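Reader: I have a structure to learn from and plenty of questions. Can we go through it step by step?

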Amino acid sequence: MIKEEIRIKYKSLRRKISVAEKNKLEDLMLIQFQRLPIDIKLTLMTYAPIEVQNEYNPFLVEEYCMLKKERLALVYPIVDFETESMKSFIVPKDTEFEQNMYGVFEPVGGIRIFPEDIDIMLVPLLAFDINGNRVGYGKGYYDKFIKLCNPNMIKIGFSFFDAVEINDANFMDEKLDFCVTTERFYEF
């Protein structure tokens with residue numbers, strides 16, 4: 001399938017997941033995340049899920065990582081619509097979030113951090129393939145941002161579904177290092 005077909009199909013499939021089922025799936029994904037052969041370092045870039053899209057909520061993974069690394073800094077993206085780019089900010093736990101024009105919650109304030117200083121990034125997605133390609137929402141914000149990051153940064157996606165075939169992945173797409181599903185994790 002091509003990315004646009006995948007977006008339509010997987011947005012629809014995600015909307016069909018009930019709240020109770022989603023909670024169970026996210027618990028199972030935490031178990032798989034705990035099996036990843038990675039070290040939790042100093043900075044974890046995460047995101048606020050788009051609830052109307054029934055997006056994976058990384059909260060449990062964030063909490064687990066903070067237990068493993070007491071001084072872990074949580075980093076969130078803020079989209080700059082004028083430059084069509086993302087910026088990254090370390091935010092304390094009590095930070096307020098506001099919705100941007102796409103309905104994505106972003107932190108109000110925080111301390112700017114350079115992309116090359118991020119150790120691990122949780123990358124939102126709709127689908128992925130066995131080669132580590134991902135299908136996002138189509139704006140390319142994450143692909144552009146990842147190009148600015150340290151090449152050793154670990155990129156992790158989370159999917160309620162198994163790998164799909166993406167027929168139009170290209171050189172602009174940044175690949176994941178891992179993708180966590182309910183039954184296993186993929187390493188690329």
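Author: What follows is a set of short questions and answers on a predicted model.

Reader: In what sense do strands β2 and β3 pair, and over how many bridges?

Author: Strand β2 covers residues 73-80, and strand β3 covers residues 85-90. Their pairing is antiparallel. The number of bridges is six.

Reader: Which residue in the turn of the β2 and β3 hairpin has a positive phi?

Author: Four residues sit between the two strands of this hairpin. One residue in the turn has a positive phi of about 50°. That residue is E84.

Reader: Which residue in β3 is the bridge partner of Y76?

Author: β2 and β3 pair in the antiparallel sense, so look across from Y76 to β3. The partner there is F89.

Reader: Which residue in β6 is the bridge partner of S88?

Author: β3 also pairs with strand β6, residues 111-113. This pairing is antiparallel too, over three bridges. In β6, the partner of S88 is I113.

Reader: Is I113 buried or exposed?

Author: I113 lies in strand β6. Its relative accessible area is 8%. Buried means under 20%, so I113 counts as buried.

Reader: How far apart in space are I113 and V75, C-alpha to C-alpha?

Author: In sequence, I113 and V75 are 38 residues apart. Yet I113 is in contact with V75, and also with T43, S88, F89, I90 and I118, leaving aside neighbours within four places in sequence. From C-alpha to C-alpha, the distance between I113 and V75 is 8.0 Å.

Reader: Is T43 buried or exposed?

Author: T43 lies in strand β1, residues 43-45. Among the residues it touches beyond four places in sequence are L72, A73, V75 and I113. Its relative accessible area is 8%, under the 20% cut-off, so T43 is buried.

Reader: Which residue has its backbone nitrogen reached by the side chain of T43?

Author: The T43 side chain has a polar atom 2.9 Å from the backbone oxygen of D117. That is an oxygen, so we need another residue for the nitrogen. The T43 side chain reaches that nitrogen at 2.7 Å, and the residue is D119.

Reader: What is the volume of the largest pocket?

Author: Start with the lining, which has 34 residues. Y137, G138, K139, Y141 and Y142 lie nearest the centre of this pocket. Elements that each supply at least two lining residues include α1, β2 and α4. The volume is about 670 Å³.

Reader: How many charged residues are in the lining of the largest pocket?

Author: Split the lining by class. There are 18 nonpolar and six polar residues. The charged residues number 10.

Reader: Which elements each supply at least two residues of the lining of the second largest pocket?

Author: This pocket has a volume of about 370 Å³. It is lined by 19 residues, with E62, L74, Y76, K93 and F97 nearest its centre. By class, the lining has 14 nonpolar, two polar and three charged residues. The elements are α3, residues 59-68, and β2.

Reader: What is the volume of the largest cavity?

Author: The count comes to one cavity of 30 Å³ or more. Its lining is R14, Y56, L125, L126, F158, S159, F160 and F161. Six of these are nonpolar, one is polar and one is charged. The volume of the largest cavity is about 40 Å³.

Terms used:
Residues are numbered from 1 along each chain as its sequence is written. This is a predicted model: local features need pLDDT of at least 70, side-chain atom pairs count only at pLDDT 80 or more; totals for chains, interfaces and linings use all residues. Side-chain values use heavy atoms; hydrogens and water are left out. Buried means under 20% relative accessible area, exposed over 50%, partly exposed in between (1.4 Å probe, protein chains only). A polar contact is a pair of N or O atoms within 3.5 Å; within protein, one must be able to donate a hydrogen and the other to accept it, and residues adjacent in sequence count only if both atoms are side-chain atoms. Contact means heavy atoms within 4.5 Å. On a 1 Å grid over the protein atoms alone, a cavity is a set of points where a 1.4 Å probe fits but cannot get out, and a pocket is an open set with protein on both sides within 12 Å along at least five of seven lines; lining residues have an atom within 4 Å of a point. Grid points are joined across faces, edges and corners, and a volume is the space filled by probe spheres set on the points. Ala, Val, Leu, Ile, Met, Phe, Trp, Tyr, Cys and Pro count as nonpolar, Asp, Glu, Lys and Arg as charged, and the others, Gly among them, as polar.
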